[in-house]
Amino acid sequence: MAFLAHSQDGNNSLTVLWGKRMALLQVKGLTKYYGSDRVFEDLSFEIQPGEKLGLIGRNGCGKTTLIHILTGTEDYDRGEIHWAQNHTFGYLPQILDFNENVTVYQELRSIFSDLDRLQDQLNDLQRQMDQVGISESRLRELVEQHHALTEKSAAAGGYQVEGRIQGVLRGLGFPQERWHDSVAVLSGGERTRLGLARLLLKTYDLLFLDEPTNYLDIEAVEWLEEFLATYRGAVLLVSHDRYFLDKVVQGFLEMEFGRIKRYRGNYSEYRAQKEAEYQSMLRAYEKQEKEISRLEKFVRESRATEKSKRKAHSIEKRLLHMDRVEKPLKDDKTLRFKFESGPSGSRNVLECIRLSKRFGDKVILNQAHLKVEAGEKIGLIGPNGVGKTTLLKMIMGLEMPDSGEIRLGYEIRPGYFSQLDNDMMEGTPFSQIMAAADLTNTEARTILGRFLFSGDNVFKNVADLSGGERRRLGLIKLMLSGANFLILDEPTNHLDLASIEVVERALAETDNTVLVVSHDCYFLQKVVDRYVALVDGQLLPFADYEAYVAWKKSRAEMKDESSEKPKTQTQIYRENTKEFQRQLRRKQRELADTESEIEKTERRRAELYQLLNDPAVHNDYQQSAALSAEFAEVEARLETLYHQWEILQEELAAMG
């Protein structure tokens with residue numbers, strides 16, 4: 001695999017070809033400054049073909065900046081970036097460029113314009129072949145052209161385009177009735193999902209994904225997990241969703257203190273490795289410090305004899321040339337807070353009785369019931385757009401139901417953490433906190449410091465705060481509200497992993513009643529003790545998330561069974577003829593053989609992938625080259641088998 005290398009020092013850049021290497025991307029000594037402020041320094045790492053890695057670190061550590069540099073949208077100060085020659089990468093930018101005059105479906109179909117032109121050529125050839133009086137030699141020529149183009153279309157995935165587009169649209173939460181909506185009418189979140197759909201429909205060697213689960217509900221996140229787990233290319237993923245990370249990635253690149261470090265395994269394993277590594281380094285440092293103290297004490301207390309002087313001098317020289325173990329760094333800048341228990345109120349915290357709400361033709365709630373008791377922690381779940389936020393607003397009195405009743409218990413004080421920040425767009429963090437509670441200047445500064453607002457940041461205009469800073473400010477206001485019924489809408493949005501874990505722990509430990517909307521399954525499993533799903537206007541209780549998933553699966557199967565069309569008399573007759581049954585059995589055998597061959601070939605691909613990632617193999621050029629060639633052959637064979645399997649499936653479906 002030839003490599004194209006880009007090195008940069010100041011304003012000088014250089015492009016050279018490198019020899020054969022296994023890595024898809026290599027980064028060496030990458031350094032970035034904004035003015036005199038260091039973002040990161042001397043970053044070195046590599047990404048192998050097909051590898052799935054998580055890029056993690058605190059907000060502001062430079063993760064997005066690194067991705068911008070790797071994708072060529074931002075400069076860097078020093079270092080080298082080596083890409084495999086003829087590489088392709090995909091990245092979802094923050095500003096999305098769409099043709100506003102087309103539909104959602106047309107926007108995605110435009111990706112395959114080359115295949116559409118190929119199909120137009122096939123249709124033209126077919127028309128020519130169908131002409132009356134065509135000569136035999138001309139027909140033979142047209143048939144050969146048609147066959148060659150058909151093979152070209154099949155190799156490029158022409159038969160799979162329709163299914164792929166529909167699968168991605170459904171998976172990312174676009175119902176079929178929205179496929180022909182104009183792109184111009186999409187909301188910001190829908191445009192982001194359409195951009196993600198456009199990205200996933202293409203095939204890249206490396207996919208950069210920066211918080212891809214934003215604007216996705218739980219169902220869409222689950223679909224994306226499965227899609228990325230089987231994605232053939234490599235993936236570098238920035239996400240704060242730990243459950244999602246566990247499902248998709250094989251290891252992590254952690255950015256901390258301006259450096260980068262690699263860890264293997266899922267998120268839980270990464271945390272264990274990191275803590276074990278820190279403790280080991282701390283023990284080594286403390287052991288050396290103890291020895292240094294002992295030696296320095298001997299030097300100070302040595303007697304004035306010639307022998308003791310010589311020994312003290314020897315020890316001083318030893319101390320001078322000793323390789324000092326550096327004290328391991330630990331990032332202690334973490335949110336520190338908890339929700340104090342509010343006043344004790346009645347046992348019945350909330351009752352929603354025959355609650356109904358609709359917007360035009362869309363039914364949000366239809367005679368729905370919900371009861372919440374003191375101390376309960378409930379996760380409110382359901383697809384995007386079903387009305388979860390509307391329900392929270394109705395409980396808070398910010399939205400009125402069409403009919404029904406909402407009762408809050410005696411001495412119940414609800415506190416609302418909104419998904420939106422419109423209520424915090426004025427003033428500064430300091431003025432917001434001073435207005436939220438009776439505090440002295442010192443107390444307000446102390447609380448802001450516990451939420452990582454320091455120095456002049458406490459006097460920044462709220463409109464200039466980052467998304468994470470606004471979320472932290474909202475948490476302070478909720479903490480100071482004295483509420484004993486905490487209502488939170490997507491509280492983990494824009495927070496880094498360390499901050500999410502603090503919020504998670506604070507909610508899990510509070511005695512207050514909690515009602516929370518979140519698409520973060522890991523977070524919900526740590527915080528809530530039961531779930532309520534908003535489905536078809538009803539509020540359905542579930543003991544745990546697994547029960548909800550099982551119910552959804554069962555419901556989908558029942559819907560599929562009820563939608564099956566009754567067989568016609570012709571179909572029944574055909575199924576009972578001997579010739580039809582013989583053909584059916586032959587196709588079924590071919591399908592079973594193809595599936596067996598696919599399974600065998602996939603196992604070999606997995607074996608080759610493991611070998612190609614073995615450091616011992618990297619050092620053996622001949623073995624590495626041979627394995628790479630076999631890997632390419634296996635990939636090509638799998639493509640053929642997948643296509644063969646799809647054709648057999650279509651033929652069997654046509655046979656009923």
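Q: Which residues have the most contacts inside the largest nonpolar core?
A: This is a predicted model, in which local features need pLDDT (the predictor's confidence in each residue, from 0 to 100) of at least 70, side-chain atom pairs count only at pLDDT 80 or more, and totals for chains, interfaces and linings use all residues. Residues are numbered from 1 along each chain as its sequence is written, and side-chain values use heavy atoms, with hydrogens and water left out. A nonpolar core is a set of buried Ala, Val, Leu, Ile, Met, Phe, Trp, Tyr and Cys residues joined through side-chain atoms within 4.5 Å, where buried means under 20% relative accessible area with a 1.4 Å probe, protein chains only. The largest such core has 51 residues, and those with the most contacts inside it are Leu207 and Leu228.

Q: Which helix gives the largest share of this core?
A: Helices (H or I, at least four residues) and strands (E, at least two) are DSSP runs, numbered from the N terminus. The largest share of the core amounts to six residues, and these come from residues 188–201, that is, from helix H6.

Q: How many residues are in the other core, which lies apart from the largest one?
A: Among the residues of this other core are Ile433, Val462, Leu478 and Tyr548. Its full count is 43 residues.

Q: In what order do the six strands of the open sheet lie?
A: Two strands pair if DSSP finds at least two bridges between them, and the pairing in this sheet is mixed. Strand E16 (414–417) and strand E20 (538–542) each pair on one side only, as the edge strands. From one edge to the other, the order is E16-E17-E18-E14-E19-E20.

Q: Why is strand E18 largely enclosed by the rest of the structure?
A: Thr513, Leu515 and Val517 point one way from E18, whereas Val514 and Val516 point the other way, and all are buried. Strand E18 (residues 513–517) is therefore largely enclosed, because the buried residues number five of the five.

Q: Over how many bridges do E17 and E18 pair?
A: Within E18, Leu515 is the bridge partner of Ile487, and Val517 is the bridge partner of Asp489. Strand E17 (residues 485–489) runs in the parallel sense to E18, and the two pair over five bridges.

Q: What is the mean pLDDT of the protein chain?
A: Over residues 1–7 the pLDDT is below 50, and it is also below 50 over residues 10–21. Across the chain, 89% of the residues reach 70 or more, and the mean pLDDT is 81.

Note on methods. Buried means under 20% relative accessible area, exposed over 50%, partly exposed in between (1.4 Å probe, protein chains only). Contact means heavy atoms within 4.5 Å.
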